[in-house]
Every structure is written in C-alpha cells, then in structure tokens.
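I opened the model to look up its largest pocket, its ring contacts and one of its helices. These are my notes, in the order in which I went through them.

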Amino acid sequence: MNGVSSPYRSYVLVSLGQIDRNFRAVKALVGPAVEVAAVVKADAYGHGALEVSRAVIAAGARWLAVSSVEEGVALRLKGVDARILVMGGFLPYEKDALLEFGLTPAVHSLEQIAQVNRLSETAGNPVPYHLKIDSGMGRLGTRASAEAILNALTEARHARLEGLMTHFASAADYTRPQTEEQLAYFEAIRGRLHQAGINPVYLHTSSTIAVGYGRREGWHHMVRAGHALYGYVSPARGAAPPQLLDVKPALTWKAKLMAVKDLPEGALVGYGGTFRTPRPMRIGVLGAGYADGIFHRLSNRGKVIADGRITSILGTISMDLTTIDLSHTTALAPGDDVTLLGAEGDVTLDAPEIARVAGTISYNILCSISARVKRVYI
C-alpha cells in the first residue's frame, strides 16, 4: 500500500486482500472442524464493518460477531446475510429486533434465557442463543451453578440453546494459571450439561490470542478471530509457546501536509508553547489531530513517517492539526502524504509501537481512528 494515495486530508487505506489472507490463515491453523467467527464489532476495529464482513464472507466465513444489536442491524440493513452473534447481549427493549433481523444473542443471565424463551413463544419459533459463562473474568456472563442453569433451561423449552461460550481474561499471560482455571470452570459446566443430555452445537472460548499461541484445548467448535483478522497478535508474557499465526496489518493511515514552513531557533510550537526549536527547523503541519484519533498523549512524544523516515511530532497535538519535524527533507510540500500508521518502503510504524508511546494498547489505537477519517478500500 506504499504507493497508493488519496485526495482526502486524512484517510486510511484498508487492504481487503490482506483481510482475506488473515482470515484464511486463522482458518488454516484451526482446521476444517472449527468454525471461525469474524469479529467485526466497533466498525471492524476501525477498518469498516460492512466491507470487512463482505470480504470474510467471500473467504468462507459463516459467522460474524458484533458487540450490540445496533451493529448487527446495521449489517442486516446493508444486505449481510451471514449468521451474526451479538456478543454484548441485548437490552430488554431490543429483543424484538433480534427476531426481526435474525440476530443470535449471547445471553448473560438466567433472566435473559427466560426473555428469549418468551420471545420464542411470541414468535412461534425457537430463537437460538448462546449462553455466556463468566468463568472468571468478572464481566458479562452468568455465574450461576450448573444446576441453576439446568433448571433455567428446563423452563425455557421454546428457545434453543445453540452455543455455550466464555471469554478468557489473560490468554497471553503464561506467568499465572488464570486461563487454565477459566477453561476448567467452563468445562465443568459443559460436562454437567452434557450429563443432562444438553449438548450445544457450538462451544467457543477462544479469541485471537488463544488461537495464535495454540491453546488448542480451548478451540472447541468455534473461535472468534478479531485482532488477528486485522493483522495483529498481542505479545505473550512468560514462558509462552511459539506464535503459530502469521498475519499482517491490513490498515495504513495517512494525512496530508497542510503547510510546510521554516522556523528560526527558539520559536515556540503549538498550544502552550510546549516545544521550542533548538535550532532552525523545517516543520510540517498535518491535516489531522486528536479529533481524528491521534492520541493527545503523543504530543512531543509520538512519531510519524515522512519521506521514508521516522520523524517526531512537535508540540501539543491540536484537535485538527499536528505539527511534525521535516528538517530531514526538502522533498515534501503541502498536499503530500505523511504516514501516521503503516509503512513507507522498509520503514514501519505499527499499532503496538504507537500504543507503547501513548500508554495504551494496539486495539485502542485502531478503534480510535475517527469516523471523519475516510476509509479507502484497495
């Protein structure tokens, strides 16, 4: 994507071909017996939910995963007909939309099982759902005992328990046994349901990290590929096995230079004058700021790629503008591109690198690229 440009002042280039390759890499690793649900929540981590959904469906995905009913409805209204799992559940007033748009909810409580059952009674058809077990993350999911779950399922004869799921809190952490403990808790619930003759079609506990580092005991019938789909696997901690998954970033973020100017020694740059030029310097002013997703914490700390070289962000990042050091080049002028995330030639600046400087995680960097940054698909 190095040579591709666009007329927008700030834009991302998304390689749908790379999305395709990343999905196929996950599928090849887990094998034909394991379904790969493509996680397209949060506008596909900033990559564009509709376009990414179409790409992975063309690559063979039968399941998509979103966070909310609203996200699922948006895809249905654009003609996406794959199965859609709403991982963040539903609010009481959203339950009718599950039926209308054919969405599959992740149910997080015994009361929600009863709500889906009542919805099935009204519809005259069994509504499928996936029951989420809180196996130790302390977030969404039921902490009810196996016996209480069985009682709730017995009373909910009209709905259909299609899946049983959980989510690992620390799958990349090999310094402590939390993942093994969560899996054991989940398996105890699953085993008790099996003894009672209840065998959901889909068992799923693993997302990108558990796939990437080969926690095969947690792959079951389905895995949920999110970060991997977009080209990233978070680094592990402790004595981790080798990473098995080979994926590459699919997104490059660029911004146009709005101005190039020379400043004398001692000039102040940006709000608050937080940078003073130590010598005569050439600076560039980019048409993107914190409203576009450049973290304010990167002020005087962050880097960009300009004319094939890493260079510094100077001064305080503004809402719409960011000032950078162009002292190393005379080749750039207003209207030329600077790379905020991605590669130019052999020089790269990826989401984990930016995240380390900003004091956050790579997911946050990708998801924070705002809607006003144009998406261009190649």
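Entry 1, the pocket. I find 42 residues lining the largest pocket, and those nearest its centre are His167, Ser207, Ile209, Ser234 and Tyr363. My grid has a 1 Å spacing over the protein atoms alone; a pocket is an open set of points where a 1.4 Å probe fits, with protein on both sides within 12 Å along at least five of seven lines, and a lining residue has an atom within 4 Å of a point. The space in this pocket comes to about 1,000 Å³, where the volume is that filled by probe spheres set on grid points joined across faces, edges and corners. At least two lining residues come from each of H2, helix H9 (208-212), helix H10 (351-358) and H11; I take helices (H or I, at least four residues) and strands (E, at least two) as DSSP runs numbered from the N terminus.

Entry 2, basis of the values. I note that this is a predicted model, in which local features need pLDDT of at least 70 and side-chain atom pairs count only at pLDDT 80 or more, whereas totals for chains, interfaces and linings use all residues. Residues are numbered from 1 along each chain as its sequence is written, and side-chain values use heavy atoms, with hydrogens and water left out.

Entry 3, rings. I searched the whole structure and found four aromatic pairs, a pair being rings of Phe, Tyr or Trp (its six-membered ring) with centres within 6.5 Å, stacked if the planes are under 30 degrees apart, edge-to-face if over 60 and tilted otherwise. Tyrosine 45 and tyrosine 363 have ring centres 6.1 Å apart and planes at 45°, so I record this pair as tilted. It joins distant parts of the chain, since tyrosine 45 is in helix H2 (residues 41-45) and tyrosine 363 is in helix H11 (residues 362-367), 318 residues apart. Tyrosine 45 counts as buried because its relative accessibility is 7%, while tyrosine 363, at 24%, counts as partly exposed; buried means under 20% relative accessible area, exposed over 50% and partly exposed in between, with a 1.4 Å probe and protein chains only. Tryptophan 63 and tyrosine 202 make an edge-to-face pair, with 5.3 Å from centre to centre and 80° between the planes. I place tryptophan 63 in strand E3 (residues 63-66) and tyrosine 202 in strand E8 (residues 202-204), 139 residues apart, and both residues are buried. Tyr45, Tyr230 and Tyr363 form one aromatic cluster.

Entry 4, isoleucine 354. I locate isoleucine 354 in helix H10, where its 10% relative accessibility makes it count as buried. Beyond its neighbours within four places in sequence, isoleucine 354 is in contact (heavy atoms within 4.5 Å) with Leu298, Leu340, Leu341, Leu349 and Ile365.

Entry 5, helix H6. How far apart are the end C-alpha atoms of helix H6? They are 20 Å apart, which agrees with the 20 Å expected for the 14 residues 110-123 at 1.5 Å a residue, the expected span being 1.5 Å times one less than the number of residues. Its buried residues are Gln112, Ile113, Gln115, Val116, Asn117, Leu119 and Ser120, and what covers them includes helix H5 (95-100), strand E5 (104-107), strand E6 (128-132) and helix H7 (146-155). After H6 comes glycine 124, whose phi is positive, near 80°.
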